[in-house]
Each structure stands twice: as structure tokens, then as C-alpha cells.
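Work through the exercises below with the sequence and the model in view. Each task is followed by a solution in steps.

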Amino acid sequence: MSAVVVGGGLAGLVAARELLRKGEVVDLFEAADHLGGLVAPITVGDVVVDGGAEAFALRTSTVTDLCNQLGLEVAEPQGQPHIWWPEAPYRWPMANGVLGIPASLDDPSMTAALTPDELAVAVQDLQMGGDAAADESRLGPLVQTRLGAAVVERLVAPVTRGVYGRSPDDMEVDLMAPGLREAMREHGSLVAAVSALRKPGAAAVAQPVGGLFRLVDALAADIEKRGGRIHLGHPLREWHHDGHGWEIRTKAGPLRADRVILAVDGRAAGELFALLGETVEVPPTHPSFQAVVALTHPDIATGPVGSGVIVGRRDDALVARALTHYSLKWPWADLGSQHILRLAYAAAPSQTQVLKDASLLLGIDLVDDDVLGYEVLHWEMPTALAPDARARLLEKLSKYEGLTVTGAWMAGNGIAAVVTAATEAVA
């Protein structure tokens, strides 16, 4: 059997490796001149760090197992994350939650964020039983029914907007927190479900030592070791199924294959399906800008916001949605006097704005002379197809024998979701 994988992001790399492990002949074509997609390194100051996604969730062992297979050491983050509010800057830890939903009503984030009356509303979650709102597919309405509007506004929305740039009302529970509704039914409350999924006290995320981009490097090396061929700078120009297999054409010429794994983003997939004469529903993307800055200010070493801070509510003085103290969060990146910060934005920021926001969030006066390196990266963050739209797409494509579609727009956001879907796509 021969296979062509279109797309050299994480989904395509995982799919290619799985096909090779099954004994198939594999060619992977990537339109860009580099692999990784939303997982990408960036050099800032004198260190290479993650410019895109930086960690994977530990709700399952999927990615940890993959790292172990590839010989990558995995590290958990250090430091306590915080939420920043104008009235009470930066001091509300949320270490044990899922998407801002706490694992306990005694969590400091609950007692600090809510008034006594709002906390009394949240306590009702414990008496509702597991079926209340269990059919609600959207995150915001589910949490509001169970814990109240204040929890959505002050704990959940800061996380979804700061990390994903989206309102909790627009997020599908099963895509963003797989198993949460089932656990709620089983354990009788939303808080208990989060506790069961999160295991309070355990880390929620991890990364390979050296950065998440090391996973891309290791996958590519393993693919080539197994005899797979990776073609960079080769966009797909033509493809069609003639009843006996697929013919693919790139700038390298034609190639025949028994099957095709399409592992590109939704926009690119829509363009490629148009070559087949198909019009498919493609979910929107959300622009996200990541400012990565290397600084040498001695007060940053105290870790004033621990591993980072998510902005709880917009403030006229603040533009950033979140800040990560990368070199404190991931000890391998501890460079002594040099500190790496990552700040998330909805639009491209200037260095002046980044320093202003970092100064406010950290409580430290930062100036241009403190900067050793500065980069801004632009990402179009994928939105997953809703379940009904996904079903319609799969039905439409079922007539194409040997075609499989995978990637974040099909599987949902998150490294673990993408790896799981890509593995299952070639099973």
C-alpha cells in the first residue's frame, strides 16, 4: 500500500508515522518550507523557544506515550498561574481547573472571585444531580446553569478568551473538554467532574524538554528513519481519484497512491476540495498574535505572577490577553539573568505596547534597554467543525475511496485531540 499525506503539521506528521509503522510507503507533501504548522520554534535573545503552541494537556496519556516512543523527556510546568483584574491585580490561582471551571468550591479562585451570594449560587451545583444541563453542548451555558453567571464571567471567560480568543458561549464542551459531561453525569456535579478529570494537585499540561517544537523534529526524524519521504515547499496542485487510486501532482510531477490523508487547515482543505469540484463547509479561524520578548530586568526573577497571568477583564490601560513567564514555567529555559515572556494579543502589538502591558501585569517598570530580543508571530487559530457539520462533510466525502481528512478543524483544538484523531484516521 502507498499513501500520500498532504500537510506537514502535527496531524500530518503523526499520520505519516503511523502509516509507516503499518508498513505502507509514505510521501508527505508540505506547501511551506518548514514543518510543524501551529507548533513552531522562534529564536529570541539567544534561545530557541516555542513561538506557537507550547504544551499538551495531560487528561490522557496520548501525547506523553508518543513522546516516550520518540525518546523525548517530558516536563511539567513550574509556578502558579494567576488571573489579573483591574481591582485586584494578579493574584487568583487556578491550578486545578478545566477551562477555568474549578475542581473544588474551596479553590482560592472561587473565594477570591465571587461574592458570598455568588458563591452560594455556585454551591447549588452540588445538589442539582448529574443530569442538569448535561445535554447542553456549549461551555458557557453549561457552566452558567451549574455554577452561575459570575463563574462564567470571572473564571471561565478569562481562560477561553485569554488562551483561545473565544467566548465560552461559542465553545463546544465535547471538543474543548472531552468527557466532561459524561463525568458530570457519573459524579453528580460539574465540580466533581472537573476534580475527577483533573486530579487536583497534578499538572494539567506538559511539554517535551526543550520545547513542544521538539516533538515536530522527533516525528520528522522518525519518519525519515522509517523510509518515509518528506517534501517541503510542495503545494498540492492537482489530485483526483480514477477508480484505481489517487493521482497527485505537485511541482515534482505526478505520483500515484492508494490513499490520501488530507491533514491541512480548514481554509486549505476548502481550496483543495474545490479542485475536486466539491464545496465544503469550512469553520472560521481566529487571529492570534504572540509577542515573544527576552528581557534582563532583575525583578522579573522574583516571578511576580508565577508562571503567567490571564487577563480577567478588559481594562483601558491593557491590550494583552495573557502573559506567560516562559522561562519560569519551563525550567529548561531558565537562562539566569535572561527571561522569556510570551504575551497574547488579538492584533499585532508594537514593542512599546508589549513593554507597557508587561509592566502593568508584572508590576515592574520595563523599558527598551531591558530588551534583548523581540518577535511577533501571527497565527490563525482553527475552529473545529460542529458535530453536525462534520457528519455532513464525512458523508459528502464518503464517495472518495481511500480519502481521510484530519487536523484541528476536524478534531478540535489541543495537541492531544489532534494526535488522537490523526492516529485514528489511519487505523
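Leu-99 lies in the loop between strand 7 (81-84) and helix 3 (108-113); helices (H or I, at least four residues) and strands (E, at least two) are DSSP runs, numbered from the N terminus. The model is predicted, so local features need pLDDT of at least 70 and side-chain atom pairs count only at pLDDT 80 or more, while totals for chains, interfaces and linings use all residues. Residues are numbered from 1 along each chain as its sequence is written, and side-chain values use heavy atoms, with hydrogens and water left out.

**Exercise 1.** Find the sign of phi for Leu-99 and for Ala-133, and state whether each is buried or partly exposed.

Step 1. Most residues other than glycine have a negative phi. Leu-99 is not a glycine, yet its phi is positive, about 55 degrees.
Step 2. Leu-99 has a relative accessible area of 12% and is buried (buried means under 20% relative accessible area, exposed over 50%, partly exposed in between, with a 1.4 Å probe and protein chains only).
Step 3. Ala-133 belongs to the loop between helix 4 (116-123) and helix 5 (139-147). Its phi is also positive, near 65 degrees.
Step 4. With 22% relative accessibility, Ala-133 is partly exposed.

**Exercise 2.** Describe the surroundings of Gln-338.

Step 1. Gln-338 sits in the loop between helix 12 (326-329) and strand 17 (339-345).
Step 2. Its relative accessible area is 6%, so Gln-338 is buried.
Step 3. Beyond its neighbours within four places in sequence, Gln-338 is in contact with residues including Val-44, Asp-46, Thr-296 and Leu-372 (contact means heavy atoms within 4.5 Å).
Step 4. The side chains of Gln-338 and Asp-46 are joined by a polar contact of 3.2 Å. A polar contact is a pair of N or O atoms within 3.5 Å; within protein, one must be able to donate a hydrogen and the other to accept it, and residues adjacent in sequence count only if both atoms are side-chain atoms.

**Exercise 3.** Which strands stand at the edges of the open sheet with the order 5-8-6?

Step 1. The sheet has three strands, and their pairing is antiparallel (two strands pair if DSSP finds at least two bridges between them).
Step 2. Strand 5 (56-57) and strand 6 (74-75) are the edges; each has a single partner strand, so one side of each has no neighbour in the sheet.
Step 3. Strand 6 is joined to strand 8 (residues 205-208) by two bridges. Ala-75 is placed opposite Gln-207 in strand 8.

**Exercise 4.** Trace the partners and the faces of strand 11 (residues 246-250).

Step 1. Strand 10 (residues 238-241) pairs with strand 11 in the antiparallel sense over four bridges. The two form a hairpin with four residues between them, and Gly-243 in the turn has a positive phi of about 95 degrees.
Step 2. Strand 12 (residues 253-257) pairs with strand 11, again antiparallel, over five bridges. This hairpin has two residues between its strands.
Step 3. Arg-249 stands opposite Glu-238 of strand 10 and opposite Pro-254 of strand 12.
Step 4. In a regular strand the side chains alternate between the two faces of the sheet. In strand 11, Trp-246, Ile-248 and Thr-250 make up the covered face, whereas Glu-247 and Arg-249 make up the uncovered one.
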